[in-house]
Amino acid sequence: MEKSKVLIIGGTGYLGKRLVKASLIEGHETYVLHRPEIGVDIEKIEMLLNFKAQGAHLVKGSFNDYGSLVEAVKLVDVVICAISGVHIRSHQILLQLKLVDAIKEAGNVKRFLPSEFGTDPAKMENAMEPGRVTFDDKMVVRKAIEKAGIPFTYVSANCFAGYFLGGLCHPFGDLIPSTDSVVLLGDGNQKAIYVSEDDIATYTIKTIDDPRTLNKTLYLRPPQNILSQREVVQIWEKLIGKELNKSSISKEEFLATMKEQDYAMQVGLTHYYHVCYEGCLANFEIGAEGEEASNLYPEVKYTNVEEFLKRYI
């Protein structure tokens, strides 16, 4: 089967650059949308030129120029959007409504993968404020996609390993694991799911031509990476040959501390609360509306938690 042509939007971002790399490795004709007003952002320019040297096509376009979106979409079979939905970086989820309109107008796209890549928003109807805005906005985009009749795959990638494992699952510290101490969230026993950002990109590209995931959610649940915070800490302690000093923060203390932060931090901390105190990622079975990535693509040798943490030694 001929491989789909792919347009990646947000291709110079944290996940987007990995999606471009994975798409090229898998042999897809890959197009990267970039803003014409990139100006003097030399790092992005160098990244784009590197993509081009590897065989990607650079396409000028912008959410501020609807016509350019339509023309870019007409070039490909699959559109993947990786614009930021994280408030501490920039929250742009609803911009995708313009992209939905462009895809509908172009009429040629076989599949659209919107910017999701975290907790499944369909499971978060009871999420707390202010963090629920992320899930609510993603559901607005989903409803627009489905109303427009656009074929889709939603990717629920759970915890980005760089953010969660780097801080030993604690959001108030550094993103490099401590060799001295750790703060456990509650009893530290709620299970979460950690996926390396490179693996997220690999699984995403694997799914774009797979009929088994058409109009479904692809959940990334690598079996070895479904662990509690305590289990993550134990792996780290084994690697460094040292036991960390441990303290804990109750959910009441966590919520009180959260309210002292600015809005963007509060949004992110709400997500941590649901993951680490409620276990929202691993407390449900995947139903008929979804598929699990490591089952579908056993050929992918994903990075387990121990392998990921070895980077920091």
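Q: Let's start with accessibility. What does arginine 212 count as at 42% relative accessibility?
A: This is a predicted model, so every value here is computed from predicted coordinates. The general idea is that buried means under 20% and exposed means over 50%, with partly exposed in between. Arginine 212, at 42%, therefore counts as partly exposed.

Q: And which residue does arginine 212 form a salt bridge with?
A: Its partner is aspartate 210, and the closest N and O atoms are 2.9 Å apart. Aspartate 210 counts as buried, because its relative accessibility is 7%.

Q: How many salt bridges does the structure hold, then?
A: There are 15 of them. Some join up: Lys3, Glu26, Lys206 and Glu299 are linked in a network of salt bridges.

Q: Now helices. Which side chain meets that of aspartate 136 in a salt bridge?
A: Start with the general picture: an α-helix has 3.6 residues a turn, so residues three or four places apart point the same way. Here, the side chain of aspartate 136 meets that of arginine 132, at 2.9 Å from N to O. The two are four residues apart in helix H5, so about one helical turn separates them. As for accessibility, aspartate 136 is partly exposed at 31%, while arginine 132 is buried at 19%.

Q: What span does H5 reach from its first C-alpha to its last?
A: H5 covers residues 132-147, 16 residues in all, and reaches 22 Å, close to the 22 Å expected at 1.5 Å a residue. Just after H5, glycine 149 takes a positive phi of about 70°.

Q: Which residues of H5 are buried?
A: Quite a list, including Val133, Phe135, Val141, Arg142 and Ile145. Arginine 142 deserves a second look: it forms a salt bridge with glutamate 116, with the closest N and O atoms 2.8 Å apart. Glutamate 116 sits in the loop between strand E7 (111-113) and H5, so the pair ties together parts that are 26 residues apart in sequence. Both arginine 142 and glutamate 116 are buried.

Q: On to the nonpolar cores. Which residues have the most contacts inside the largest one?
A: As a rule, in soluble globular proteins, nonpolar side chains tend to be buried together. The largest core here has 67 residues, and those with the most contacts inside it are Leu19, Ile80, Phe117, Tyr194 and Leu220. Helix H10 (residues 263-276) gives the most to this core, with five residues. There's also a second, separate core of 27 residues, which includes Leu69, Val141, Ile145 and Phe152.

Q: What does isoleucine 80 touch?
A: Leaving out residues up to four places away in sequence, its contacts include Val6, Ile8, Leu19, Leu113, Phe117 and Ile208.

Q: How about sheets: in what order do the three strands of the open sheet come?
A: Generally, strands of a sheet pair through backbone hydrogen bonds, either parallel or antiparallel. In this sheet the order is E9-E11-E13, and the pairing is mixed. Strands E9 (159-160) and E13 (226-228) are the edges, each pairing on one side only. E9 pairs with E11 (residues 191-195) in the parallel sense over two bridges, and phenylalanine 160 has valine 195 in E11 as its bridge partner.

Q: Which strands does H8 lie across?
A: H8 lies across E11 and E13, running at about 90° to E13. Between H8 (229-240) and strand E14 (245-249) is a loop that holds glutamate 243.

Q: Is glutamate 243 buried or exposed?
A: Exposed, since its relative accessibility is 62%. Its C-alpha is 8.0 Å from that of aspartate 180, a residue 63 places away along the chain.

Note on methods. Residues numbered from 1 in each chain as written. Predicted model: local features only at pLDDT ≥ 70, side-chain atom pairs only at ≥ 80, totals over all residues. Heavy atoms only, no water. Expected span 1.5 Å × (residues − 1). Buried < 20%, exposed > 50% of the residue type's maximum accessible area, 1.4 Å probe, protein only. Core = buried A, V, L, I, M, F, W, Y, C linked by side-chain atoms within 4.5 Å. Contact = heavy atoms within 4.5 Å. Pairing = 2+ DSSP bridges. Axes fitted to C-alpha atoms, helices over the stretch in contact; angles between N-to-C directions. Salt bridge = Lys/Arg side-chain N within 4 Å of Asp/Glu carboxyl O.
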